[in-house]
Amino acid sequence: MNLRHLQAIVRIADLGTMNAAAQAVNLTQPAITQALGRIEQLLGIPLFERRHDGMVPTDAADLFVPRIRAALEHLASSHVTMSRMRALLALADSGSYNGASVVTGLSLPSLHRAVNDLSLSLRRVLVERRGKAVALTDAGRQMARTFRLARVELEAGLAELEALKGHEIRSIAIGAMPLSRARVLPAAITRFQRRHPQVRIAIIEGSRAELVEPLRNGAIDFMVGALRDPLIEPDLVQRPLFRDRPAIVARKGHPLEGRDPSLADLAAYPWIVAAPGAPLRSTWEQMFAEAGLEQPPVPIESGSVMIIRQLLIHGDHLALLSLDQVAVELEAQWLVALRSAPEGMERSIGVSTRASWRPTAVQAEFIEDLEAVAA
């Protein structure tokens, strides 16, 4: 699709007539009429009803026009064309012009020309050569991010149009941090799929550090897990789901089992704790600091529940975990909860999204299911 033609569709919706929209985008009326017809043919669905008094948006336009508008707001430049956008994204994703050529099917001269023209028109250096390789500059990486977010908007709009035609291709990409995988996310997925079995759900597991950039780039729609306070990314927003109070967990038969241990007792044993900066690590540090105790040794740093479980079973280490994360192990009596963390040590579990995120209808429904499960 031609970005200028997409802009024309927005102006038709805003102004209500082909003539006014043509003047707004500096096209002739026959040209804008032809552009609209071509896009409607590509989409396989009419966007406007032609009436004697103007153009009336259809249900399809009500879905697609806001997506086009959001994509254009991300691009924020009349110098961006679809071919330039495609070339820079292919270069960013593949890491080389040769790779971009394979992905897009475009010739190397065409790719070089598109990226160079974009750089010149924006008056920014987007790509720099490093020996025999090329890499995006900071400006290039930022531009690639805005292009990805624009592409996400257009892809979401196209998926919603297909759903309107009865062909379900909508999807939800979820970043799952450790705690969310234990109970709340599987329960929400089960609840949601009963109503929407054809919607594709992709779960990308990882720590927050591994998921935050894919979220900001549009590769995932939202992530579920422990929230950050303060939130340092200005382009993200958070919404809490519930509060979780972790517990001190050890192997069955640990010397402290059944003793109602004090924090001083707990400080005498080695711990497995997440890396500095993780909410559980901050809670762990706070727990001993407020009791006036020195932090016990941490010979192993890990946020993987699977690794922590195996290490706990085979040694006398202790760990601070949500009981939801080790519910199966507790039931099987491989592990025991020695005591809860002190009052006031709860952490907030919730959903993190881009501030600019516009969920599709099914994505919004899934968030509602998450909230219902958490409640």
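In this predicted model, strand E5 (residues 171-176) and strand E6 run parallel and are joined by six bridges. One pairing can be picked out by eye: Gly 175 has Ile 204 of E6 as its bridge partner. These two strands belong to an open sheet of five, arranged in the order E6-E5-E7-E14-E8 with mixed pairing. At the edges stand E6 (200-205) and E8 (236-244); each has a single partner strand, so one side of each is left without a neighbour in the sheet. From one strand to the next, the twist averages 20°.

Helices accompany this sheet. Helix H9 (residues 184-195) packs on the sheet and touches E5, E6 and E8, and its direction makes about 170° with that of E6. Helix H10 (residues 208-217) lies across E5, E6, strand E7 (222-226), E8 and strand E14 (347-354). Relative to E7, H10 runs at about 155°.

A further helix, H15 (residues 361-374), holds Asp 369. Is Asp 369 buried or exposed? Its relative accessibility is 4%, under the 20% cut-off, and therefore Asp 369 counts as buried. Leaving aside residues up to four places away in sequence, Asp 369 touches Ala 188, Arg 191, Phe 192 and Arg 195.

Another set of pairings centres on strand E12 (318-321). Strand E9 (residues 247-251) is joined to E12 by three bridges, and the two run antiparallel; here Ile 248 has Leu 320 as its bridge partner. Strand E10 (271-273) is joined to E12 by two bridges, this time in a parallel arrangement, with Trp 271 standing opposite Leu 318. Within E12, Leu 318 and Leu 320 point one way, while Ala 319 and Leu 321 point the other way. All of these residues are buried.

E12 also takes part in the largest pocket, where it supplies at least two residues of the lining. The space in this pocket is about 860 Å³. The lining comprises 36 residues, and those closest to the centre are Pro 178, Gly 303, Ser 304, Val 305 and Gln 325. H10, E7, E10, helix H12 (279-290) and helix H13 (305-313) likewise each supply at least two lining residues. Which element gives the most to the lining? That element is H13, with four residues.

Helix H8 (residues 138-164) offers a simple check on geometry. At 1.5 Å a residue, its 27 residues should span 39 Å, and the C-alpha atoms at its ends are indeed 39 Å apart, which agrees with the expectation. Just after H8, Gly 166 takes a positive phi of about 95°.

Several loops carry backbone features worth a look. In the loop between E7 and E8 lies Pro 230, and the peptide bond leading to Pro 230 from Asp 229 is cis, with omega near 10°. Ala 76, in the loop between helix H4 (59-75) and helix H5 (82-94), has a positive phi of about 50° although it is not a glycine. With a relative accessibility of 63%, over the 50% cut-off, Ala 76 counts as exposed. Gln 333, found in the loop between helix H14 (327-331) and strand E13 (335-340), is another residue other than glycine with a positive phi, here near 60°.

Note on methods. Residues are numbered from 1 along each chain as its sequence is written. This is a predicted model: local features need pLDDT of at least 70, side-chain atom pairs count only at pLDDT 80 or more; totals for chains, interfaces and linings use all residues. Side-chain values use heavy atoms; hydrogens and water are left out. The expected span of a helix is 1.5 Å times one less than its number of residues. Two strands pair if DSSP finds at least two bridges between them. Axes are lines fitted to C-alpha atoms, for helices over the stretch in contact, and angles run from 0 to 180 degrees between N-to-C directions. Contact means heavy atoms within 4.5 Å. Buried means under 20% relative accessible area, exposed over 50%, partly exposed in between (1.4 Å probe, protein chains only). On a 1 Å grid over the protein atoms alone, a cavity is a set of points where a 1.4 Å probe fits but cannot get out, and a pocket is an open set with protein on both sides within 12 Å along at least five of seven lines; lining residues have an atom within 4 Å of a point. Grid points are joined across faces, edges and corners, and a volume is the space filled by probe spheres set on the points.
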